[in-house]
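Biologist: Could you take me through the pockets in this one?
Modeller: Yes, here it is.

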Amino acid sequence: MLETLADRLRRARRVTVLTGAGVSAASGVPTFRGAGGLWRSFRAEDLATPEAFERDPALVWEWYEWRRAAIAACSPNAAHDVLARWTRDSVDCTVITQNVDDLHLRAGTERLVRLHGSIWQLACWHRCGVESWRDERVPLAERPARCPACGGLARPGVVWFGESLSPADMNAASNACACDVFIAVGTSAVVYPAAGLIQQARTRGAFTAEINVEATAASSAVDLAVQGGAETVLPTLADYLDLGNRGRSTEAGRSS
Ligand code: BJW
Ligand code: ZN
């Protein structure tokens with residue numbers, strides 16, 4: 001099964017990978033849904049919507065501060081490393097992530113679209129015109145955080161339910177759907193518009209695959225569903241590719 005995917009990747013000119021929380025699970029970052037997921041213990045409506053922030057900014061910030069501290073203690077795993085290498089190597093590979101941790105960046109990923117923002121980025125709640133800014137201090141100097149320009153409330157630079165994604169990021173993600181192979185890794189594929197990218201890629205002729213520890217909303221719609229942890233499947237896949245490439249270069253050496 002992995003050989004089929006490796007073969008597709010070997011022949012692909014353009015590869016796109018959509019990642020979700022499962023990619024960071026082996027690093028210790030909690031997922032949202034499923035066993036141990038954040039939405040098992042917290043209600044999204046109370047913490048991840050503009051209405052929740054309007055109602056109780058201190059509570060929302062308390063939750064994000066707790067998550068920022070947890071993520072600060074995590075490091076990229078083997079799945080992040082493989083994807084980062086693919087974006088740096090010769091193959092034209094783009095990673096579209098729904099994750100707000102910065103583990104793809106810390107692994108050195110180059111062509112990266114961050115659809116749901118960054119937990120380390122802050123923005124003015126009142127949209128006073130100031131650019132969003134990065135703040136990695138844990139804990140924040142002031143809680144709730146304040147905008148340095150207008151002194152009003154600052155919010156986490158993430159995309160909450162009911163909020164639109166950045167048009168530039170959506171555009172980049174849609175463009176990346178014009179690819180030969182599209183792989184969804186570690187996402188439950190239930191949150192839109194991100195989940196819709198899988199179908200978009202398929203409609204545009206891509207070979208679609210999923211890597212996940214369990215069946216998801218996308219499993220029956222993709223060409224190939226691989227069951228397993230991203231941190232083990234991606235390195236195995238990379239080994240297949242490296243072996244294949246080595247074989248090819250040996251053959252080329254022999255024929256010259
Ligand atoms: C492993 C593994 C291992 C584990 N290896 N795998 C009805 C009502 C209201 C809204 C809607 C509605 N219907 C549709 C909508 C729109 C809504 C939506 O999609 N809702 C659905 C949930 C129903 N979408 C939006 O609101 C989006 N905006 C939008 O559509 O704008 C237009 C609009 C405007 C106004 C009204 C309506 C539309 C915005 C979505 C923003 C999502 N935000 C969050 C929080 C980000 C900030 C934060 O982190 O706090 O993004 S929610 C959360 O879900 C987070 C994630 O990025 C996102 C996706 O989750 P993901 O990554 O798939 O994680 P999980 O936990 O779900 O799955 C993990 C997977 O990993 C599992 O499958 C495991 O099996 C697997 N796994 N270990 C491989 N080792
Ligand atoms: Zn401001």
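Biologist: How many nonpolar, polar and charged residues does the lining of the second largest pocket have?
Modeller: In this predicted model, that lining has six nonpolar, five polar and four charged residues, where Ala, Val, Leu, Ile, Met, Phe, Trp, Tyr, Cys and Pro count as nonpolar, Asp, Glu, Lys and Arg as charged, and the others, Gly among them, as polar.

Biologist: Which residues are closest to its centre?
Modeller: Ala123, Arg155, Gly157, Val158 and Glu163, out of 15 lining residues. A pocket here is an open set of points on a 1 Å grid over the protein atoms alone, where a 1.4 Å probe fits, with protein on both sides within 12 Å along at least five of seven lines, and lining residues have an atom within 4 Å of a point.

Biologist: Which strand gives the largest share?
Modeller: Strand 4, with four residues; strands are DSSP runs of E, at least two residues, and helices are runs of H or I, at least four, numbered from the N terminus.

Biologist: And the largest pocket, how much space lies in it?
Modeller: About 870 Å³, a volume being the space filled by probe spheres set on the points, which are joined across faces, edges and corners. Among its 45 lining residues, Ala21, Thr31, Phe32, Arg33 and Ser188 are the closest to the centre.

Biologist: Why does it lie between the domains?
Modeller: Because domain 1 (1–28 + 76–116 + 165–256) and domain 2 (30–73 + 117–158) both give residues to its lining, with bounds from an automatic or database domain assignment.

Biologist: Any conventions?
Modeller: Residues are numbered from 1 along each chain as its sequence is written, and chains are lettered from A and ligands numbered from 1 in the order in which they are written. Local features need pLDDT of at least 70, side-chain atom pairs count only at pLDDT 80 or more, totals for chains, interfaces and linings use all residues, and side-chain values use heavy atoms, leaving out hydrogens and water.
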